[in-house]
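Reader: Got a minute to go through this one with me? I'd like to talk about cavities, cysteines and odd backbone spots.

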Amino acid sequence: MGEFVTLEITDGIGTIRLDRPPMNPLNTQVQEELREAAHSAAGSEEVKAVIVYGGEKVFAAGADITEFTELSYRDMALRSGALSGAFDSVAQIPKPVVAAITGYALGGGCELALACDWRVVADDAKLGQPEIRLGLIPGAGGTQRLARLVGPARAKDLVFSGRMVDAEEALRIGLADRVAPAAEVYATAEAMVRPYVTGPSMALRAAKQAIDGGLSLDLASGLALESQLFAALFATEDRVEGTTAFVAKRKPTFTGR
């Protein structure tokens, strides 16, 4: 367990918890602890779904800017790949992942949320990519994942202006998937992924790989990837159970094998 990032597992759900008060700034240590927690969640057979959570008050207000003031181009050229890679570790967790967002998800905090499959947002939360106000651009996926999620025009609006959006606008443009009262954000996120705890883990893994992998491919290549993953599932016990249960008109019992 890290000092600022932990992985807590309860009833099949792994919670990656950021805890660096008061605003969960994402310094280098948090970055590496986040990578470790993501790898642990990905590799644990006990974890069937994941919630990324910053606590009741704030998700993550962005990078620790105090680390930036003395860095040169050379310094950041050597470090930027590791920063982006840490968030990519979350994106590559082969299980359903939801961000439970309270307070602020700004800069790196918004990029961390974008690395998740879904975002549950508190009704008083604020999200945004304010890096332009520092003479910078998002450097850990913000220009890429945001544009794929909300479209290039809306992504340019948010990145060029650096403005924050509230929960209502985030939901309207597709940056948020559900909005809940702040006190109910974690419970809403948990309810969202709870069904997957007893789901067919290998099929869920394949579905995520097909969708995410296909986004970077042309249609023909994406269809080929889908076909390969579809065929591979015929080697799983869950496919046997699922099809047999359907024919027998009973509820399947999946084992993740």
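Author: What follows is a quick run through those topics, and the model is a predicted one.

Reader: Cavities first. How many of 30 Å³ or more turn up in the whole structure?

Author: One. About 80 Å³ of space lies in the largest cavity.

Reader: Which residues line the largest cavity?

Author: The lining is made of L26, N27, Q31, A63, D64, E67, F68, M76, R79 and L83.

Reader: How does that lining split by class?

Author: Five residues are nonpolar, two are polar and three are charged.

Reader: And which helix gives the most to the lining?

Author: Helix α2, residues 73-91, with three residues.

Reader: Switching to cysteines. How many disulfides does the structure hold?

Author: Zero. C110 is in no disulfide, and the nearest cysteine sulfur, in C116, is 11 Å away.

Reader: Why no bond for C116?

Author: The closest cysteine sulfur to that of C116 is in C110, and 11 Å is too far for a bond. A disulfide needs the two sulfur atoms within 2.5 Å.

Reader: C110, buried or exposed?

Author: C110 counts as buried because its relative accessibility is 2%. C116 is buried too, at 5%. The cut-off for buried is under 20%.

Reader: Now the backbone. Where is the cis peptide bond?

Author: From P21 to P22, with omega near 0 degrees. P22 lies in the loop between β2 and α1.

Reader: What is unusual about the phi of N24?

Author: N24 has a positive phi, about 55 degrees, although it is not a glycine. Most residues other than glycine have a negative phi, and most peptide bonds are trans. N24 also sits in the loop between β2 and α1. At 4% relative accessibility, N24 is buried.

Reader: What about K249, what phi does it have?

Author: A positive one, about 60 degrees, and K249 is not a glycine. K249 is in the segment after α10.

Reader: Is K249 buried or exposed?

Author: Exposed, because its relative accessibility is 77%. The cut-off there is over 50%.

Reader: Last one. Where is T15?

Author: T15 is in strand β2, residues 13-18. T15 is buried, with a relative accessible area of 5%.

Reader: What does T15 touch, leaving out residues up to four places away in sequence?

Author: T15 touches T6, L7, E8, I51, Y53 and Y186, with those sequence neighbours not counted.

Key
Residues numbered from 1 in each chain as written. Predicted model: local features only at pLDDT ≥ 70, side-chain atom pairs only at ≥ 80, totals over all residues. Heavy atoms only, no water. 1 Å grid on protein atoms, 1.4 Å probe; cavity = no way out; pocket = protein on both sides within 12 Å on 5 of 7 lines; lining within 4 Å. Points joined across faces, edges and corners; volume = space filled by probe spheres on them. Helix = DSSP H or I, 4+ residues; strand = E, 2+ residues; numbered from the N terminus. Nonpolar A, V, L, I, M, F, W, Y, C, P; charged D, E, K, R; others polar. Buried < 20%, exposed > 50% of the residue type's maximum accessible area, 1.4 Å probe, protein only. Contact = heavy atoms within 4.5 Å.
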